[in-house]
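Colleague: I would like a close look at how the strands are paired in one part of this model. Could you take me through it step by step?

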Amino acid sequence: MLTLRPLLIFLALGLAPASAQTYTLVVGVQTSPLPAVTMQGQTYVPLSALKALGVPYTLSGRTLTLEAPSPATAPGGANARPALEGCVGQTLFNGIWRLTVQRVDPIPAGEGLGPGWGVTVELRNGTATTTALLDTGLGAVDLVLPDGNTLVFAERSAEEPFLYKKVLQAGGVTYQLKFRSQGPQTPASSVPAPAKLIMQFDPARLTAGYLKAAKVAYTTPTTTLRVDLTCRK
């Protein structure tokens, strides 16, 4: 637990005095509407940034009390995977792939499964060599509903041209990923709009010889890409 004095509360709330040096504040990959400020050699951030990072706090009178985030209160819950996060229309880059979700559309039942959602994504190769998704450690691809449940990546075998496609340096591929509910008789009205798309990449699976020769590597420890489908940039 950390208790801040009144002057620090003033700064933490984003009320920067005229004499303070201000800085653009980026939380994760999103720019905060409030700046960070420096006064007397100390830098302070607004409470909204702490809230976004899952830091609980209470205000009582002129005292602000911060608590260490527990796994249960941290964003995403106890089993959340660290990830680069953004919105629809925003490009996320993990050092190898640039991912942009372009749109989300309902799709009908098919392939023995119920209705669901199609997520149109653009993936661009950010390395100096031609490569493919499955050569770069692609793992699970999840579409998460508001209640935390996931839809089935319905056509993994059909997606092989996308998963194995060799993408040139600075080149890209645009594709609609299809996710469906269980049961072909499921009414479309019972499948809520998805909340997040998560693409997991495992750096330990960068084993292809041509990638090692070209020194291809992820440039961030948070290689997983998570897109909030409820916001747009």
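Modeller: What follows is a walk through one open sheet, and then through a second run of paired strands.

This is a predicted model, and the part to begin with is an open sheet of three strands, which stand in the order β2-β5-β6 and pair in the antiparallel sense. As background, strands of a sheet pair through backbone hydrogen bonds, either parallel or antiparallel. In this sheet β2 (21-23) and β6 (42-44) stand at the edges, and because each has a single partner strand, one side of each is left without a neighbour in the sheet. Neighbouring strands here are turned against each other by 25 degrees on average, if direction is ignored.

If we look at the pairing of β2 with β5, which covers residues 36-39, we find three bridges between these antiparallel strands, and in one bridge glutamine 21 has threonine 38 of β5 as its partner.

Turning to the second run, strand β13 (residues 138-144) and strand β14 (residues 150-153) are antiparallel and pair over two bridges, with leucine 143 opposite leucine 151 in β14. These two strands form a hairpin with five residues between them, and in this hairpin glycine 148 takes a positive phi near 95 degrees. Strand β14 is also joined to strand β15 (residues 172-180), again in the antiparallel sense, by two bridges, and here phenylalanine 153 has phenylalanine 179 of β15 as its bridge partner. Strand β14 therefore pairs with β13 and with β15.

Conventions. Residues are numbered from 1 along each chain as its sequence is written. This is a predicted model: local features need pLDDT of at least 70, side-chain atom pairs count only at pLDDT 80 or more; totals for chains, interfaces and linings use all residues. Side-chain values use heavy atoms; hydrogens and water are left out. Helices (H or I, at least four residues) and strands (E, at least two) are DSSP runs, numbered from the N terminus. Axes are lines fitted to C-alpha atoms, for helices over the stretch in contact, and angles run from 0 to 180 degrees between N-to-C directions.
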